[in-house]
Amino acid sequence: MEQIRLPGGESIYSGYLDNGLAVLVLPKKQFLRTYAMLSVNYGSLDYKFQLPGEEAVEVPPGIAHFLEHKLFEEEEGSVFDRFASWGGSVNAYTSYSQTSYLFTTIEHWQESLVYLLEFVNRLHLTEENVEKEKGIIEQELRMYADHPDHRIHSTLLENLYHEHPVRLDIGGTVESVRRITLAELERCYYTFYQPGNMALVVVGDVDPRATFELVRRSYPDRAWSGQKVERLDPEEPSGIVKPWAEEQLAISRPRYMLGFKHDPIWQGEELLRVQIAMALGLRLIAGRSSAAFAQLYEAQLVDDSFSASFRGHPRFAHTVFSSETDNPEALHGRLAEIIKQLQAGGVEQAEIERLKKSFYGMFLGALDSFEYTANRITAQYFEGTPYHRYLEVLQQLSHQDVQAALADLLDWERSSVSILRPVNHHG
């Protein structure tokens, strides 16, 4: 196994099984808990794909999420009950780009790990259980549709993107879920759930080599095609769909969201660099200790819900600002002034150096969160960004780099605003 030293003195041990599965172990001495996550490099974006020498396939959006639900189904008993009997808990989630199955436990971690590998590698589908699941997922989608955070974010992404599947709900739509067939579910499962397209992360007081050996011995023997799948993202125009959208919902206060669309042009360390530069830049605007936040807060334009985030991925990238506010237009005007001022030279060296120190501390502190660390290791393994170089890249960044990132990426020609207002009961 290869040993990669992390800042803070710990090491990640990584190796590959003969079948291609990446195994990454982060030993945590004297911690009682063990956390493991088996992830597939497959998410909601992947509904159009092609295998070598075959025709391109397009399936209804929402299949990755549907499969995640179905893998918890067994002919007898329940996956949840099995983990509970060992004193552990199990869960899963689907994102745009990955599906992850995870457990946390204090005892019986070896049995739990072997069973995690087992149930993710076993598909139990029937026409009947697929139809039943459609009803369950439909209810879930309808419930989310009325959730303010979900609604405003969905509208914003639909404003920013013409074709890219990031504009669609991770669970698909009620219509797309109804169209899903048993054959399509099987096709996606056997295409993407291949060990060479998966990664296992184990965090806890475990021996890396013994853990690797346990995984090697117990990994289910299935026929793997080992073929490299090509994901077919549509051509996305550089412009946005529309610059402003407003809706009404049964909420007590208006919500405001501003988004900027970026071209996903970065790979590897360059992507990590942009992620950190934008995180620093956005902290200057939405960070609780920033002058900008104080100004917006004192003007009563934002409250503690104000946030800013940059999503940078090899296949899509955007920045989002969000807050509850009594005056969305005034907030938009003031926020635009703040951003333009920073873009024009308002990023101060002393402020960036102070933020870098705080990022340094947060990074080291976050290593104690098993969930956060396992997620970071997995996402960055799939994306090819060198997680272990985070602090080195952070140290290299200057205030000019942060300013350049803000000036380059927060392009008003490619921005859109989404507003939710309370339903006006007075007609």
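Here are five short exercises on the predicted model above, each with a worked solution.

The model is predicted: local features need pLDDT of at least 70 and side-chain atom pairs count only at pLDDT 80 or more, while totals for chains, interfaces and linings use all residues. Residues are numbered from 1 along each chain as its sequence is written, and side-chain values use heavy atoms, with hydrogens and water left out.

**Exercise 1. A small sheet**

Work out which strands stand at the edges of the open sheet of three strands, and what packs on that sheet.

Solution.
- Begin with the terms. Helices (H or I, at least four residues) and strands (E, at least two) are DSSP runs, numbered from the N terminus. Two strands pair if DSSP finds at least two bridges between them.
- Next, read the order, which is β6-β5-β10, with antiparallel pairing.
- β6 (57-58) and β10 (230-231) are therefore the edge strands: each has a single partner strand, so one side of each is left without a neighbour in the sheet.
- Now look at one pair. Strand β5 (residues 48-50) meets β10 in the antiparallel sense over two bridges, and Gln50 stands opposite Glu230 of β10.
- Finally, find helix α7 (residues 182-192), which packs on the sheet and touches β5, β6 and β10. Contact here means heavy atoms within 4.5 Å. The direction of α7 makes about 55° with that of β5; axes are lines fitted to C-alpha atoms, for helices over the stretch in contact, and angles run from 0 to 180 degrees between N-to-C directions.

**Exercise 2. Strand β8 and its neighbours**

Decide whether the residues of strand β8 are buried or exposed, and find the strands that pair with it.

Solution.
- Take the cut-offs: buried means under 20% relative accessible area, exposed over 50%, and partly exposed in between (1.4 Å probe, protein chains only).
- Count along β8 (residues 99-105): seven of the seven residues are buried, so the strand is largely enclosed by the rest of the structure.
- Recall a general rule: in a regular strand the side chains alternate between the two faces of the sheet.
- Split β8 by face. Thr99, Tyr101, Phe103 and Thr105 lie on one side, Ser100, Leu102 and Thr104 on the other, and all are buried.
- Add the partners. Strand β4 (residues 34-40) runs antiparallel to β8 and is joined to it by seven bridges, with Ala36 and Phe103 as bridge partners.
- Strand β7 (residues 89-94) is also antiparallel to β8, over six bridges, and Ser89 stands opposite Thr104. β7 and β8 form a hairpin with four residues between them.

**Exercise 3. A covered helix**

Find how many residues of helix α1 are buried, and what covers them.

Solution.
- Check α1 (residues 63-70): eight of the eight residues are buried, so the helix is largely enclosed by the rest of the structure. Among them are Ile63, His65, Glu68 and Lys70.
- Then look around the helix. The cover includes β7, β8, α4 (127-145), α6 (174-179) and α7.

**Exercise 4. Spaces in the model**

Describe the largest pocket and the largest cavity by volume and lining.

Solution.
- Set the terms. On a 1 Å grid over the protein atoms alone, a cavity is a set of points where a 1.4 Å probe fits but cannot get out, and a pocket is an open set with protein on both sides within 12 Å along at least five of seven lines; lining residues have an atom within 4 Å of a point. Grid points are joined across faces, edges and corners, and a volume is the space filled by probe spheres set on the points.
- The largest pocket holds about 1,600 Å³ of space. Of its 49 lining residues, Gln275, Arg311, Gly312, Ala379 and Glu383 are closest to its centre.
- The search of the whole structure finds one cavity of 30 Å³ or more. The largest cavity has a volume of about 40 Å³, and its lining includes Tyr42, Asp46, Pro60 and Ile63.

**Exercise 5. One loop residue**

Place Val206 in the structure and list what it touches.

Solution.
- Val206 sits in the loop between β9 (198-204) and α8 (208-218).
- Its relative accessible area is 3%, so Val206 is buried.
- Leaving out residues up to four places away in sequence, Val206 touches Val25, Pro27, Thr34, Trp109 and Thr211.
- Val206 and Lys29 are 177 residues apart in sequence, and 7.8 Å apart in space, C-alpha to C-alpha.
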